[in-house]
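Subject: Structure for your review

Hello,

Please find the structure below. My notes on what turned up in it follow underneath.

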Amino acid sequence: MSTTDTAASGIGPVEGSGSFSAYGVDNPAPLIEAPRKRTKKTPKSTRGNFEMYGWLFMRLSGIVLVVLVLGHLLIQLVLDGGVSKIGFAFVAGRWASPWWQAWDLAMLWLAMLHGSNGLRTVINDYAERTTTRLWLKGLLYTATVFTILLGTLVIFTFDPNIR
Amino acid sequence: MPAGTLYRGREGMWSWVAHRVTGVLIFFFLFVHVLDTALVRVSPEDYDKVVATYKTPIVALLEYGLVAAILFHALNGLRVIAVDFWSKGPRYQKQMLWSVVGIWVVLMFGALYPVLGHAFREVFGS
Ligand code: HEM
Ligand code: HEM
């Protein structure tokens, strides 16, 4: 069978077709995997689900932060005389209670991680050069780790009788 | 504005811009805020000295601005969550945005006296 027969229609000759067939009941044609089908040979992790978890975290932490941060603002700026009452003695009174320690700790971690992940997105959006992006993110992660550690240390080591 | 666009230049885009700007502002505030709170580990006097600046009329205005940023980011954040998870969210995104703006205006009005009252009294006497 010559190729020119079907060339006009743009379809080549079909393998194994024609006067003889290479495949039969005793010699079946090999199975061809559907494209993109996951098999044992596909790498386990392609890129992971990091961005999806990040997306979910922004939403879950956001809901919790509504309560934590708006509650915090209400206590600090509105109730009991507003900002005017704030001072060392006021903080000592609040951190005498494990409830408010836990509140501030959760607020610190969630707000810093939420804000830091948000800023990561912003950097990815605007810093187009790879080196700029890496430097900005390095700076961001350093600031985030530093702030979380410092804030946590301050809550746990607070000493009302420092003087 | 280019014709026939559903997003660019419309409410959806501007609420996204505002959400981004407020989020970044709050983050920078929080960084400074943890530093100033850390002064309780230095000495009561140093802490009180720095917190005194929080009570001046000009900083009171900044605090009012911070409250404005957080209230918008929080309310609009809930709207974004509703758009993503509620099946009818995308359809009502515009109505939800105007609800956010409405609630924000009411809360900002309510915050006027608590946040700025002391500054007002200091500047105008009484
Ligand atoms: C101008 C408004 C604010 C004032 C006057 C204020 C005041 C205070 C005070 C007095 C403390 C000491 C502990 C306590 O009393 O609970 C504190 C701690 C804290 N605040 Fe605020 N706050 C304000 C806004 C915010 C905002 C908007 C956030 C979150 C985005 C925030 C997050 C925190 C955190 C995480 C701590 C714990 C700090 C640490 O671990 O050392 N605050 N704040
Ligand atoms: C008060 C409750 C809060 C809620 C409900 C909330 C909600 C959200 C949501 C849902 C997003 C994702 C937006 C998107 O994917 O398009 C987001 C982004 C962001 N949030 Fe918050 N958030 C809150 C508090 C905070 C705080 C305290 C900070 C700062 C420390 C912050 C900083 C950011 C930043 C920087 C972004 C990224 C903005 C962007 O990519 O355009 N948020 N927020």
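A residue is called exposed when its relative accessible area is over 50%, buried when it is under 20%, and partly exposed in between. By that cut-off Asp80(A), at 67% relative accessibility, counts as exposed. Asp80(A) sits in the loop between α2 and α3 of chain A. Its phi is positive, about 60 degrees, although the residue is not a glycine. Most residues other than glycine have a negative phi. Please keep in mind throughout that this is a predicted model.

Metal sites

The iron atom of ligand 1 has His72(A) and His33(B) as its protein donors, each through NE2, lying 2.0 Å from the metal. This pair crosses between chains: His72(A) belongs to helix α2 (residues 50–78) of chain A, and His33(B) to helix α1 (residues 11–37) of chain B. Six donor atoms surround the iron atom of ligand 1, and the angles they subtend run from 84 to 179 degrees, so the arrangement is octahedral. His72(A) counts as buried because its relative accessibility is 13%.

For the iron atom of ligand 2, the protein donors are NE2 of His114(A) and NE2 of His73(B), lying 2.0 Å from the metal. His114(A) is in helix α4 (residues 98–126) of chain A and His73(B) in helix α3 (residues 57–85) of chain B, so this pair also joins two chains. The six donor atoms here subtend angles of 86 to 179 degrees, which makes the arrangement octahedral. For six octahedral donors the ideal angles are 90 or 180 degrees. His114(A) is buried at 14% relative accessible area, and His73(B) is buried at 16%.

Interface of chains A and B

In chain A, 42 residues are in contact with 36 residues of chain B. About 3200 Å² is buried between the two chains, and carbon and sulfur atoms give 76% of that area. Seven residue pairs are in polar contact between chain A and chain B, counting pairs with both residues at pLDDT 80 or more. Two salt bridges are found across the interface. In a salt bridge with Arg20(B), Asp125(A) has its closest N and O atoms 2.7 Å apart. On the side of chain A that touches chain B, α2, α3 (88–95), α4 and α5 (130–157) each supply at least two residues.

Salt bridges

How many salt bridges are there over all chains? The count comes to six.

Arg120(A) and Glu51(A) form a salt bridge with the closest N and O atoms 3.1 Å apart. Arg120(A) is in helix α4 and Glu51(A) in helix α2 of chain A, so the bridge ties together parts that are 69 residues apart in sequence. Arg120(A) is buried at 9% relative accessibility, while Glu51(A) is partly exposed at 48%. Leaving aside neighbours within four places in sequence, the contacts of Arg120(A) include Phe50(A), Lys137(A) and Tyr141(A).

In chain B, Lys94(B) and Glu11(B) meet in a salt bridge of 3.9 Å, N to O. Lys94(B) lies in helix α4 (residues 93–124) and Glu11(B) in helix α1, so this bridge links parts that are 83 residues apart in sequence. Both are partly exposed, Lys94(B) at 35% and Glu11(B) at 22%.

Asp46(B) and Lys49(B) also form a salt bridge, with the closest N and O atoms 3.9 Å apart. The two residues lie in helix α2 (residues 44–53) of chain B, three residues apart, about one turn of the helix. Salt bridges with shared partners also join Arg10(B), Glu11(B) and Lys94(B) into one network.

Regards

Key. Residues are numbered from 1 along each chain as its sequence is written. Chains are lettered from A and ligands numbered from 1 in the order in which they are written. This is a predicted model: local features need pLDDT of at least 70, side-chain atom pairs count only at pLDDT 80 or more; totals for chains, interfaces and linings use all residues. Side-chain values use heavy atoms; hydrogens and water are left out. Donors are N, O and S atoms within 2.8 Å of the metal (3.2 Å for Na, K and Ca); water is not among the atoms, so sites may look incomplete. Four donors count as tetrahedral if all angles lie between 85 and 135 degrees; four count as square planar and six as octahedral if opposite donors are over 155 degrees apart and all others between 65 and 115; anything else is irregular. Helices (H or I, at least four residues) and strands (E, at least two) are DSSP runs, numbered from the N terminus. Buried means under 20% relative accessible area, exposed over 50%, partly exposed in between (1.4 Å probe, protein chains only). Contact means heavy atoms within 4.5 Å. Buried area is the accessible area (1.4 Å probe) that two parts lose on being put together, summed over both. A salt bridge is a side-chain nitrogen of Lys or Arg within 4 Å of a carboxyl oxygen of Asp or Glu. A polar contact is a pair of N or O atoms within 3.5 Å; within protein, one must be able to donate a hydrogen and the other to accept it, and residues adjacent in sequence count only if both atoms are side-chain atoms.
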